[in-house]
Amino acid sequence: YLALGDSLAFSYQPDLDFIHGYVDDFFSNLKGHGLQQLANMGCPGETSATMINGGCPYPFLRKYPYIGAQLAAAVNYLHGHAGKVSPVTLDIGANDLLPDINTSSCTISSTFSNDLANLDANLTGTILPQLKAALKVNNVVTGDLVMMNYYDPYQNICPDTVPYIQQINQHLASDVSGYGIIVDVFNAFGGAHVPNKNICTYTWMCSIFNDIHATTRGYSVIATTFENGTGY
């Protein structure tokens, strides 16, 4: 199992619990299907650009050691374990667009559309094609590529963000089409309804940390979403 992405893949929690994430939970499930090894390359703060070019801001937090860009490390890993890796999970894009959301004024930056277009280009032009190609042996795809969409941690304090998160998720679903599948974390977390009663239990938004990351319970919900979406 190769896990790729940002702080959610890494299993970040603001109380410094880094071992109860969706990757950990999903791996526990996969071991019941005979999976033996996990390589978690997720890096907190990763954007689609740093995934391609390197420069993740918190490389010291990575669980699986590698040098350079996450995408190159992932491709090398897949080539080094050809035909033996499945699934590959990916969550990326949140850090591309979070800077466009101002929670103090509940406004969206004018650069949102441009940043979303850059995310699309990075996913469809580089990240997803390279991962799918690296999953092929003799031109046959030998593993599943599974991407997740995002919940909206801000929907209770800034309900107007919901359509923008939905737009991001629509783009992610379109981007991954033809390369893999997407699992619907947004609706697993309660969907667009405001107020969303799950935000306080599935994320740290209502805690002293006021943090967007998932709680242990929230990560478990994400893992179950991967399990249900993949059927294993």
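Which residues of helix 2 are buried? In this predicted model, they are Tyr22, Val23, Asp24, Phe26, Phe27 and Leu30, and the sections below place that helix in the chain before turning to the charged side chains.

## Overall form

The secondary structure of the chain comprises 10 helices and 11 strands. Its radius of gyration is 17 Å, which agrees with the value near 17 Å that a compact globule of 232 residues would have, and the C-alpha trace extends over about 50 × 35 × 30 Å along its principal axes.

Of the 232 residues, 50% count as buried. When contacts between residues at least 6 apart in sequence are considered, 70% of them join residues that are at least 24 apart. The chain exposes about 10,000 Å², and carbon and sulfur atoms supply 52% of that area.

## Helix 2 and its surroundings

The buried residues of helix 2 pack against elements from several parts of the sequence, namely strand 1 (2-5), helix 1 (7-10), strand 2 (39-40), strand 3 (88-91), strand 8 (145-148) and helix 10 (216-230). One of these buried residues, Asp24, also takes part in a salt bridge, which is described next.

## The salt bridge

A search of the whole structure finds one salt bridge, and it is formed by the side chains of Asp24 and Lys63, with an N to O distance of 3.9 Å. Because Asp24 belongs to helix 2 (residues 22-31) whereas Lys63 sits in the loop between helix 3 (48-53) and helix 4 (70-80), the pair ties together parts that are 39 residues apart in sequence. The two partners can also be described by their exposure: Asp24 is among the buried residues of helix 2, while Lys63, at 34% relative accessibility, counts as partly exposed.

## A buried acid without a salt bridge

Asp6 lies in the loop between strand 1 and helix 1, and although Asp6 is buried, this residue has no salt bridge. The nearest side chain of opposite charge belongs to Lys63, at a distance of 12 Å, and Lys63 is also the residue that forms the salt bridge with Asp24.

Leaving aside residues up to four places away in sequence, Asp6 touches Gly42, Cys43, Pro44, Glu46, Asp91, Ile92, Gly93, Ala94, Asn95 and Tyr150.

## Charge across the chain

The chain carries 8 positive and 18 negative charges, and the mean positions of these two sets are 12 Å apart.

Note on methods: Residues are numbered from 1 along each chain as its sequence is written. This is a predicted model: local features need pLDDT of at least 70, side-chain atom pairs count only at pLDDT 80 or more; totals for chains, interfaces and linings use all residues. Side-chain values use heavy atoms; hydrogens and water are left out. A salt bridge is a side-chain nitrogen of Lys or Arg within 4 Å of a carboxyl oxygen of Asp or Glu. Helices (H or I, at least four residues) and strands (E, at least two) are DSSP runs, numbered from the N terminus. Buried means under 20% relative accessible area, exposed over 50%, partly exposed in between (1.4 Å probe, protein chains only). Contact means heavy atoms within 4.5 Å. The radius of gyration is taken over C-alpha atoms; the globule rule is 2.2 Å times the number of residues to the power 0.38. Accessible areas come from the Shrake-Rupley method with a 1.4 Å probe; for residues, only the protein chains shown count as cover. Lys and Arg count as positive and Asp and Glu as negative; His and the chain ends are not counted. The place of a charge is taken as NZ of Lys, CZ of Arg, CG of Asp or CD of Glu.
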